[in-house]
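Thanks for making the time this morning. I would like to take you through a few local features, and please interrupt if something needs repeating.

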Amino acid sequence: MNVVRLVKKAKRGNKDALLHLIMSEKDVYYRLAFTYMGNTHDAMDAMEEMIVRLYEKIDQLKKEEAFYSWSKTILVNSCKSLLQKRKKLVLLDDWDTANEREIGHDLINDPYIRSDQQIDIQALLIHINEDQKEAIQLKYFHDLDYQTIADMTKVSIGTVKSRIFQGLKRLREYYRGDVDE
């Protein structure tokens, strides 16, 4: 598959070319969306929003070879936007019971989140701040490089490295029992 050729076709209005680009990375997109959203339904909503934005803005992409990092950035922004909307809509009283049902259902049925190790890692990640968690997940769960993470999160590479370093340091301290909660 020639990404540059497909992107050029998509820019000229070829919907099949855009669909081919998206479908070839659908699992990567899903895992990324699931990391942010925490459940299948919301991850799929975020992907849907990403696809609409890609279709509307494909002509704004300057470097065709950057399609996948550009589209992942759009997906991350879609996830963050949906999470902001959800924060405004969900009442705290309803959150605990709805979230327990949703998480329990998704952990059982989702092929990417089945292992006990991943559940243990997710449980550990609650002990670090959101920025550190995001950077660590993008680096180690999605194997993204520092520059891509910096672009997606709109911070410098140094900030990304610092968040990962500080987050991992805190996790090591917590895991060894060196941290008072």
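I will talk about a pocket and one residue in its lining, and then about aromatic rings.

Please keep in mind throughout that this is a predicted model. Let me begin with the second largest pocket, which has a volume of about 160 Å³. Its lining is made up of Leu61, Ala66, Ser69, Trp70, Thr73, Gln147, Thr148, Asp151 and Met152, and by character these residues divide into 4 nonpolar, 4 polar and 1 charged. Where does the lining come from, in terms of helices? Helix H5 and helix H9, the latter spanning 146–153, each supply at least two residues, and it is H9 that gives the most, with 4 residues.

One of the lining residues is Thr73, and I would like to stay with Thr73 for a moment. Thr73 sits in helix H5, which covers residues 67–89, and if we leave aside residues up to four places away in sequence, Thr73 touches Asp151 and Met152, both of which are also listed in the lining of this pocket. Is Thr73 buried or exposed? Its relative accessibility is 17%, and because the cut-off for buried is under 20%, Thr73 counts as buried.

Now to the aromatic rings. A pair of aromatic rings is described by the distance of the centres and the angle of the planes. The structure holds 3 aromatic pairs, and one of them is formed by Tyr30 and Phe34, a tilted pair with 5.8 Å centre to centre and 40° between the planes. Both residues lie in helix H3, residues 26–37, where they are 4 residues apart, about one turn of the helix. Tyr30 is buried, with a relative accessible area of 9%, and Phe34 is buried too, at 8% relative accessibility.

Another pair is formed by Phe67 and Tyr68, and here the arrangement is edge-to-face, with 5.1 Å centre to centre and 80° between the planes. Phe67 and Tyr68 are both buried, and ring pairs link Phe67, Tyr68 and Trp70 into a cluster. Trp70 brings us back to the pocket, since we have already met Trp70 among its lining residues.

The last ring I want to show is that of Tyr146, and the question is which lysines lie over its face. Lys139 lies over the face of Tyr146, at 4.4 Å from the ring centre, and Lys161 also lies over the face of Tyr146, at 5.3 Å from the ring centre.

That is where I will stop, and I am happy to take questions.

Methods: Residues are numbered from 1 along each chain as its sequence is written. This is a predicted model: local features need pLDDT of at least 70, side-chain atom pairs count only at pLDDT 80 or more; totals for chains, interfaces and linings use all residues. Side-chain values use heavy atoms; hydrogens and water are left out. Buried means under 20% relative accessible area, exposed over 50%, partly exposed in between (1.4 Å probe, protein chains only). Contact means heavy atoms within 4.5 Å. On a 1 Å grid over the protein atoms alone, a cavity is a set of points where a 1.4 Å probe fits but cannot get out, and a pocket is an open set with protein on both sides within 12 Å along at least five of seven lines; lining residues have an atom within 4 Å of a point. Grid points are joined across faces, edges and corners, and a volume is the space filled by probe spheres set on the points. Ala, Val, Leu, Ile, Met, Phe, Trp, Tyr, Cys and Pro count as nonpolar, Asp, Glu, Lys and Arg as charged, and the others, Gly among them, as polar. Rings of Phe, Tyr and Trp (its six-membered ring) pair if their centres lie within 6.5 Å; planes under 30 degrees apart count as stacked, over 60 as edge-to-face and the rest as tilted. A charge sits over a ring if NZ of Lys or CZ of Arg is within 6 Å of the ring centre and within 35 degrees of the ring normal.
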